[in-house]
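Please walk me through this structure. I would like the local details taken up before the overall picture.

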Amino acid sequence: VARTRLFEQLERVVPQNVDMSKGRRGMDLWKIFVLATLRLECNCDYDKLLELANEHRSLRLMLLHGNDDDFRYSLQTLKDNVSLLTDEVLDAINVLVVDHGHEVIGKKPEEELFGSCDSFPVLTDVHFPTDINLLWDAMRKLVTLVLVLCDGLGISGWRKGMCNLRKVKRLFRKTQNLKRSTSKNPEKKAKRDRLVMEAHLAYLEFVRSLLDRARATIAEIPMTDAMAFARVLEIQKFVDHAERQIDQIRRRVVEGESIPHKEKVFSIFEEHTEWIVKGKAGMPVELGLNICIVKDQFGFVLYSRVMQSETDDKVAVPMVVEVQKRFDNFSGCSFDKGFHSAFNQKRLGELLDKVVLPRKGKLSVANKEIESSEEFVAARRKHSAVESSINALEQGGLDRCPDHGIRGFKRYIGLAVIARNLHAIGNILQKKESEREKRRMAQKRRIAA
């Protein structure tokens with residue numbers, strides 16, 4: 001039954017009105033699901049996954065390839081098929097996996113679920129951002145795309161494109177390597193500040209000249225060709241990125257302005273990247289997105305949420321609402337202080353039978369009695385168990401997301417959660433098998449005696 005429901009969800013990734021008997025041979029839904037979850041469970045890249053799919057005998061048997069089957073996967077086939085999965089489909093599959101895990105562990109249908117909710121950062125695959133290196137990123141992509149477009153359409157005028165790009169990099173490196181003086185001598189400081197400003201202005205001036213040429217070039221391209229039109233749109237995107245960075249560099253260096261945080265972009269490729277300050281020792285700043293999860297008392301991750309421009313106190317109620325949509329018997333949850341707000345205390349009390357949410361600041365007499373009760377203290381102690389699930393997810397690939405775009409990021413999170421829950425089910429089954437084997441051996445010893 002579980003497999004049938006699983007394939008019903010996987011069929012949602014197949015485009016509608018497609019004749020599966022025609023076209024190039026792809027991958028079966030089962031193979032896509034196994035290899036996608038294996039990638040997260042082993043925390044490997046596509047190259048290692050390709051080797052496992054082609055060379056690992058036990059895995060090939062799991063993928064329904066016989067010993068005499070010489071079929072070999074290709075790297076692009078793996079990437080294209082795994083990317084068909086969506087976070088919506090993966091969320092529905094995770095509900096099936098958790099329900100099956102509850103059956104395996106022996107949970108009674110009427111038994112209520114009690115969860116633990118916490119958040120943690122997942123890094124995106126980006127370098128540390130500064131305004132000058134983000135401008136360099138935009139220019140190297142812009143010039144490369146313009147060269148490809150002009151070469152395809154036979155347009156002249158960019159013969160020295162790569163030479164100009166190398167000059168941009170030299171100016172960028174010169175600007176990057178100049179440090180402001182820490183001398184107490186005003187003359188030395190003024191001289192160094194002048195050199196820094198001159199280097200920035202030379203960098204910006206040359207970049208502006210290339211941007212003007214790029215605009216003039218794409219303005220002459222006829223938009224009748226769909227491929228050329230798509231290229232022009234992509235080039236325009238990097239032109240906009242470059243313009244923004246030029247404006248911010250000018251305001252910061254020339255006008256001495258401090259750029260507001262809300263105007264900053266931390267990657268021109270992974271634009272969803274956020275500047276995360278968790279206050280951890282040795283890790284003051286992280287670049288990525290926070291992920292919020294809810295784990296039940298059996299160790300299964302019930303639901304995960306990618307927090308885009310959200311804080312813990314803003315997602316506490318939505319997390320509980322979404323979990324209750326998926327699991328009717330979810331009746332209690334514990335949180336840490338970061339999720340507290342007056343609204344959350346009231347609303348969660350209406351949604352759940354048992355809420356363990358410590359308050360911030362000085363407590364009233366009534367609140368002290370609540371938080372010092374045996375039930376509240378015991379639940380607070382159990383709440384730390386969610387850290388083990390977070391650590392397991394990080395070990396299973398959620399330390400850094402290598403996939404591109406917000407869709408790829410959400411897909412990666414969904415696959416990691418499913419892989420973790422499947423791992424938990426596997427541990428339960430292995431433990432049961434080990435106990436059965438012990439009983440069989442004990443029975444044999446009794447018979448022999």
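In which helix do Asp247 and Arg251 lie, and how many residues apart are they? Both residues belong to helix H10, which covers residues 226-254. They are 4 residues apart, a spacing of about one turn of the helix. The model is a predicted one. In this model the two side chains form a salt bridge, with an N to O distance of 3.1 Å.

The two partners differ in how much solvent can reach them. Asp247 has a relative accessibility of 29% and is classed as partly exposed. Arg251 has a relative accessible area of 11% and is buried, because the cut-off for that class is under 20%.

Arg251 also has partners beyond Asp247. With Glu257 it makes a salt bridge in which the closest N and O atoms are 2.8 Å apart. Glu257 is partly exposed, at a relative accessible area of 31%. Glu263 forms a salt bridge with Arg251 as well, and here the closest N and O atoms are 2.9 Å apart. What does the pair of Glu263 and Arg251 tie together? Glu263 sits in the loop between H10 and strand E2 (274-276), while Arg251 is in helix H10, so the pair links parts that are 12 residues apart in sequence. Glu263 is partly exposed, with a relative accessibility of 30%.

These pairs belong to a wider arrangement. A network of salt bridges links Asp247, Arg250, Arg251, Glu255, Glu257 and Glu263. For the whole model, the count of salt bridges is 20.

A second site to look at is His65. This residue lies in the loop between helix H4 (57-62) and helix H5 (75-82). Is His65 buried or exposed? Its relative accessibility is 3%, so His65 counts as buried. The side chain of His65 makes a polar contact of 2.8 Å with the side chain of Asp69. Another polar contact, of 2.7 Å, joins the His65 side chain to that of Tyr73. Leaving out residues up to four places away in sequence, His65 touches Lys31, Arg60, Phe71 and Tyr73. Tyr73 is thus a polar partner of His65 and is also listed among the residues that His65 touches.

The remaining values describe the protein as a whole. Its secondary structure consists of 16 helices and 7 strands. The C-alpha atoms fill a box of roughly 90 × 70 × 45 Å along the principal axes. The chain has 449 residues, of which 43% count as buried. Among contacts with a separation of 6 or more, 67% are between residues 24 or more positions apart.

The exposed area of the protein is about 25300 Å², and carbon and sulfur atoms supply 51% of this area. How far apart are the mean positions of the positive and negative charges? There are 76 positive and 64 negative charges, and their mean positions are 5 Å apart.

Technical notes:
Residues are numbered from 1 along each chain as its sequence is written. This is a predicted model: local features need pLDDT of at least 70, side-chain atom pairs count only at pLDDT 80 or more; totals for chains, interfaces and linings use all residues. Side-chain values use heavy atoms; hydrogens and water are left out. A salt bridge is a side-chain nitrogen of Lys or Arg within 4 Å of a carboxyl oxygen of Asp or Glu. Helices (H or I, at least four residues) and strands (E, at least two) are DSSP runs, numbered from the N terminus. Buried means under 20% relative accessible area, exposed over 50%, partly exposed in between (1.4 Å probe, protein chains only). Contact means heavy atoms within 4.5 Å. Accessible areas come from the Shrake-Rupley method with a 1.4 Å probe; for residues, only the protein chains shown count as cover. Lys and Arg count as positive and Asp and Glu as negative; His and the chain ends are not counted. The place of a charge is taken as NZ of Lys, CZ of Arg, CG of Asp or CD of Glu. A polar contact is a pair of N or O atoms within 3.5 Å; within protein, one must be able to donate a hydrogen and the other to accept it, and residues adjacent in sequence count only if both atoms are side-chain atoms.
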